[in-house]
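Biologist: Before I use the descriptive words in a figure legend, I would like each of them traced back to a value and a cut-off. Could you take me through them one at a time?

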Amino acid sequence: MTSKQIDDCQKTNEWDLANKVLYDLCLTNFTHDTNEKILAKTLLIGRAYAAAIERRKNKSEINDNFYLDIVAPAFYESKIDDYITNLNKHKIISIESIPKIIDAHNYLTQLLFKITNLEKRSFSSKYLHFHLPELFFIYDTRAVSAMRLFVKKLPKELQVLTDRENTDREYSNFFYKCIYLREIINERFNVLLNPRQLDNLLIETTNKEMINRKHMKMNYQSEHLIKNH
């Protein structure tokens with residue numbers, strides 16, 4: 001980890017405007033008391049972040065009907081507003097807010113499992129992040145892949161906290177790794193990254209790893225062709 005990586009992840013980038021649209025959407029339509037709010041937020045966040053809810057097992061409805069007849073009622077009748085309204089009182093990730101954050105993520109993941117038969121932890125993290133950007137870390141395969149390069153294993157005192165019952169342990173483990181990585185960065189560089197900035201760091205790290213692997217593969221193939229000739 002270098003100071004340039006930490007500086008770069010805090011800079012503005014070309015994706016900021018698109019993200020701002022989603023942040024503003026959730027800020028001005030925070031609750032889930034109308035179908036219009038639910039449809040706009042679930043559709044736009046899911047599709048923009050490659051985590052669309054309509055990707056499900058046993059498709060029996062066309063996607064439009066699935067959102068209108070299944071997704072909207074599920075959110076409207078749920079207790080998701082109780083969770084996020086309660087969390088909205090917390091401005092930072094703290095000892096007090098962490099259990100509530102993880103519980104809210106688990107609640108939404110379980111809600112979505114009931115209507116998709118898939119574990120939508122990635123969508124849940126992204127959806128909740130746009131509602132409460134200072135509290136939720138963004139989980140997906142690229143972020144998890146990069147995290148392995150920074151944090152191999154949690155310290156025992158944090159690992160124990162991931163074993164609470166009735167939680168999504170996969171997200172809980174990732175969440176505590178994010179906290180641990182933030183602490184390491186803060187101690188080393190004297191900066192406390194917010195969840196968006198940490199996501200920038202993780203995604204950029206994964207992208208560079210993918211590019212490096214691609215170049216290595218191309219070089220290997222080139223050398224192999226040369227030897228055969």
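Modeller: Rings of Phe, Tyr and Trp (for Trp the six-membered ring) count as a pair if their centres lie within 6.5 Å, and a pair is stacked when the planes are under 30 degrees apart, edge-to-face when they are over 60 degrees apart, and tilted otherwise. Pairing of this kind joins Phe137, Tyr139, Tyr171, Phe174, Phe175 and Tyr176 into one aromatic cluster. Please keep in mind that this is a predicted model, in which local features need pLDDT of at least 70 and side-chain atom pairs pLDDT 80 or more, while totals for chains, interfaces and linings use all residues. Residues are numbered from 1 along each chain as its sequence is written, and side-chain values rest on heavy atoms, with hydrogens and water left out.

Biologist: What makes Phe123 and Tyr127 a stacked pair?

Modeller: The search of the whole structure finds twelve aromatic pairs. For Phe123 and Tyr127 the ring centres are 5.2 Å apart and the planes differ by 20°, so the distance falls within 6.5 Å and the angle under 30 degrees, and the pair is stacked. The two residues are four apart in helix H7 (residues 121-131), which means that about one helical turn separates them; a helix here is a DSSP run of H or I with at least four residues, numbered from the N terminus.

Biologist: Why is the pair of Tyr139 and Phe174 given the name edge-to-face?

Modeller: Tyr139 and Phe174 lie 5.3 Å centre to centre with 90° between the planes, and because that angle is over 60 degrees the pair is edge-to-face. Since Tyr139 sits in the loop between H7 and helix H8 (141-150) while Phe174 belongs to helix H10 (residues 169-189), this pair ties together parts that are 35 residues apart in sequence.

Biologist: How do you know that Asn19 is buried, and what makes Phe113 partly exposed?

Modeller: Buried means a relative accessible area under 20%, exposed means over 50%, and partly exposed is in between, with a 1.4 Å probe and protein chains only. Asn19, in helix H2 (residues 16-28), has 8% and is therefore buried, whereas Phe113, in helix H6, has 36% and so counts as partly exposed. Both Phe123 and Tyr127 are buried as well, as are Tyr139 and Phe174. Over the chain, buried residues make up 44% of the 229 residues.

Biologist: Which residues does Asn19 touch beyond its sequence neighbours?

Modeller: Leaving out residues up to four places away, Asn19 touches Tyr49, Phe130 and Arg196, where a contact means heavy atoms within 4.5 Å.

Biologist: Why is Ala50 called exposed?

Modeller: Ala50, in the loop between helix H3 (35-48) and helix H4 (63-76), reaches 54% relative accessibility and therefore counts as exposed. Its phi is near 50°, a positive value in a residue other than glycine. Asn190, in the loop between H10 and helix H11 (195-228), is likewise exposed, with 69%, and its phi is near 60°, again positive in a residue that is not glycine.

Biologist: What makes H8 oblique to H10?

Modeller: The axes, lines fitted to C-alpha atoms over the stretch in contact with angles from 0 to 180 degrees between N-to-C directions, come within 11 Å for H8 and H10 and cross at roughly 50°. That makes H8 oblique to H10, because under 35 degrees counts as roughly parallel, over 145 as roughly antiparallel, 65 to 115 as roughly perpendicular and the rest as oblique. Ala143, Val144, Met147 and Phe150 of H8 meet Phe174, Lys177, Cys178 and Leu181 of H10.

Biologist: How do you know that H4 is roughly antiparallel to H6?

Modeller: H4 and helix H6 (residues 98-116) pack at about 150°, with their axes 10 Å apart, and that angle makes H4 roughly antiparallel to H6. Phe66, Ile70, Val71, Ala74 and Phe75 of H4 make the contact with Leu108, Leu111, Leu112, Ile115 and Thr116 of H6.
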